[in-house]
Amino acid sequence: MLFRSGSISGSGSIIKNADNSMTLSGNSSYLGGTTVNAGALVAGHANAFGSGVVVVNSGTLDLASLAITNLITNNGGTIINAANYVGTQAVVGVVSMTGTIGGAVNVVSSGELKGSGARFNGLVSLAAGARHSPGNSPGTQTFAAGLSYSAGSSLNWELIANTTAGAGTTYDFL
């Protein structure tokens, strides 16, 4: 495990490629953005990732239940401990979410939002061409601030049994 306790400033970027875990705990102001390609990158401060966009291609971004404000572009990685996230997350790849997710979630035309047991505290919006596939054969998702489908987006609904008993177990439940 790597741990960086000081602040990081300047116009450069951070790219996380190794399979290990790395924690950034300084009050950073760097502008170049952060990319997670492998392993785990953990926030140790609300400004750990500077002011640039955080791109999650693979691996895990751990927001450590902090009020992170950076724009996040999720290309298919995992984001955990995100209940207090207050920024906007763009879902570009196929992304499965669980737990409580703070902030707004925008699923772009090439993106697919999946997962079960997720509670979205911010508005979730799907652009034309985006896919929403709730559940995990099947499951439950909760939308505290709303769910918006644009014309041309799609909902992939799973149904095992036509019954009112078993929401989230025999059919998807939103």
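**Strand pairing and side-chain contacts in the predicted model**

Phe120 is buried, its relative accessible area being 0%. This value, like the others reported here, was computed from a predicted model. Phe120 takes part in the one aromatic pair that the structure holds, and its partner in that pair is Phe143, the two rings being stacked with 5.1 Å centre to centre and 5 degrees between the planes. Because Phe120 belongs to strand E15 (residues 118–120) and Phe143 to strand E18 (residues 141–143), the pair ties together parts of the chain that are 23 residues apart in sequence. Phe143 is likewise classed as buried, with a relative accessible area of 16%, a value that falls under the 20% limit set for buried residues.

A search of the whole structure for salt bridges returned one. This salt bridge is formed by the side chains of Glu112 and Arg131, with a distance of 3.5 Å from N to O. The two residues bring distant parts of the chain into contact, since Glu112 is in strand E14 (residues 112–115) and Arg131 is in strand E17 (residues 131–134), 19 residues apart. With regard to accessibility, Glu112 has a relative accessible area of 12% and is therefore buried, whereas Arg131, at 27% relative accessibility, counts as partly exposed. A further spatial relation involves Arg131 and Ser153, whose C-alpha atoms are 5.9 Å apart in space although the residues are 22 apart in sequence.

Among the strands of the model, five form an open sheet in the order E1-E3-E5-E7-E9, and the pairing within this sheet is parallel. The edges are occupied by strand E1 (2–4) and strand E9 (78–80), each of which has a single partner strand, so that one side of each is left without a neighbour in the sheet. From one strand to the next, the twist averages 15 degrees. Within this arrangement, strand E5 (residues 40–43) and strand E7 (residues 60–62) run parallel and are joined by three bridges; Val42 stands opposite Asp62 in E7.

The loop between E7 and strand E8 (72–74) contains Ala64, and Ser65 is found in that loop between E7 and E8 as well. Both residues carry a positive phi although neither is glycine: the angle is near 55 degrees in Ala64 and near 60 degrees in Ser65. Ala64 is partly exposed, with a relative accessible area of 30%, and Ser65, at 38% relative accessibility, also counts as partly exposed.

Parallel pairing was also found for strand E13 (residues 104–107), whose two faces differ in their cover, Val105 and Val107 lying on the covered face and Ala104 and Asn106 on the uncovered one. Strand E10 (residues 88–91) pairs with E13 in the parallel sense over four bridges, and in this pairing Ala104 of E13 is the bridge partner of Thr88. E13 is further joined by three bridges to strand E16 (residues 124–126), and these two strands run parallel. In the pairing with E16, the bridge partner of Val107 is Leu126. Ala104, a residue of the uncovered face of E13, thus serves as the partner of Thr88, while Val107, a residue of the covered face, is matched with Leu126 in E16.

At the surface of the model, Tyr149, Leu155 and Trp157 form a nonpolar patch, the accessible area of which comes to about 280 Å² for the three residues together. Of these residues, Trp157 is placed in the segment after strand E20 (154–155). Trp157 has 43% relative accessibility and therefore counts as partly exposed, the class that lies between the limits of 20% for buried and 50% for exposed residues.

Key. Residues numbered from 1 in each chain as written. Predicted model: local features only at pLDDT ≥ 70, side-chain atom pairs only at ≥ 80, totals over all residues. Heavy atoms only, no water. Patch = residues over 30% accessible without salt bridge, like charges linked within 9 Å, V, L, I, M, F, W, Y side chains within 5 Å. Areas by Shrake-Rupley, 256 points an atom, 1.4 Å probe, with all protein chains shown as cover. Salt bridge = Lys/Arg side-chain N within 4 Å of Asp/Glu carboxyl O. Buried < 20%, exposed > 50% of the residue type's maximum accessible area, 1.4 Å probe, protein only. Pairing = 2+ DSSP bridges. Axes fitted to C-alpha atoms, helices over the stretch in contact; angles between N-to-C directions. Phe/Tyr/Trp six-rings, centres within 6.5 Å; stacked < 30°, edge-to-face > 60°.
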